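Have the sequence and the 3D view ready, and try each exercise before reading its solution. Let's work through them together.

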Amino acid sequence: MNINILAPSMLAIDFGNMEKDLKEVYSAGAYTIHVDVMDGMFVPNISFGPPVIRHVRRILPEAVLDVHMMVTEPARYLERFKTIGINNFTIHYEATKDPEGTLKQIREAGLKVGVSIKPGTPVSVLEPVIDMVDQVLIMSVEPGFGGQSFMPQSYERISAVRKLREDIDIEVDGGIYLDNVKDVLDAGANVIVAGSAIFKGDITENVTNFREKLGV
Ligand code: DX5
Ligand code: ZN
């Protein structure tokens, strides 16, 4: 059995209160922070990069920083992110000409290795790389923006990945709220990313409610 993990997505944070809100999620019991890096090329949005992530690392020295690279040819940034002290480096299968080589480089860098697919990419593309990764990230919305609706076809995609490998982490990202998180877990996921559902409203209460659903 894989342990359930809650990973609040920083994309939805109030950047004016970043330090306070990050400390609040952590002290409410969410020890993994999902960090969305966007380059304006692979996705139509630009988020933040190394200086901001370095700041997050200073604020939460013990947190697991789960970096989701929505960036073309992400290996270009691997060393820089490693130096910052991130933990997980998840690339998009669609974002590189050489997924296998890139995953190998992440492994050699000593980071947790993740691969993600967009909603339109067949799960079968993962078959050749599934033994190279620690984590698969299933996008349940088109990557680029927070606050979108969960795509229901994601459930069977999650189950299909779980059939490929029992022992890895399966993370799901986009449109997850208290009312659908149980279905996402039942489909076979164990890492839950939530942006709006955590950072809008009372953060401590939101984290507590999610932890209860996740049993952590
Ligand atoms: C979207 C990002 C998500 C996003 C999720 O491209 O990868 O992590 O922050 O936000 P919500 O939970 O608001 O859908
Ligand atoms: Zn993400």
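**Exercise 1: salt bridges**

A search of the whole structure finds six salt bridges, a salt bridge being a side-chain nitrogen of Lys or Arg within 4 Å of a carboxyl oxygen of Asp or Glu. The model is predicted, so local features need pLDDT of at least 70, side-chain atom pairs count only at pLDDT 80 or more, and totals for chains, interfaces and linings use all residues. Residues are numbered from 1 along each chain as written, chains are lettered from A and ligands numbered from 1 in the order written, and side-chain values use heavy atoms, without hydrogens and water.

Task: find the partner of Lys23 and say how the pair is placed in helix 1.

Solution:
- Step 1. Lys23 pairs with Glu19, with 2.8 Å between the closest N and O atoms.
- Step 2. Lys23 and Glu19 are about one helical turn apart because four residues separate them in helix 1 (residues 18-27); helices are DSSP runs of H or I with at least four residues, numbered from the N terminus.

**Exercise 2: contacts of ligand 1**

Task: locate the N or O atoms of Asp36, Ser196 and Gly147 that approach oxygen atoms of ligand 1.

Solution (a polar contact is a pair of N or O atoms within 3.5 Å):
- Step 1. In Asp36, a polar side-chain atom is 2.7 Å from a ligand 1 oxygen.
- Step 2. Ser196 also uses its side chain, with an N or O atom 2.5 Å from an oxygen of ligand 1.
- Step 3. Gly147 contributes a polar backbone atom, 2.9 Å from a ligand 1 oxygen.

Terms used: Polar contact = N/O pair within 3.5 Å; in protein donor to acceptor, adjacent residues only side chain to side chain. Helix = DSSP H or I, 4+ residues; strand = E, 2+ residues; numbered from the N terminus.
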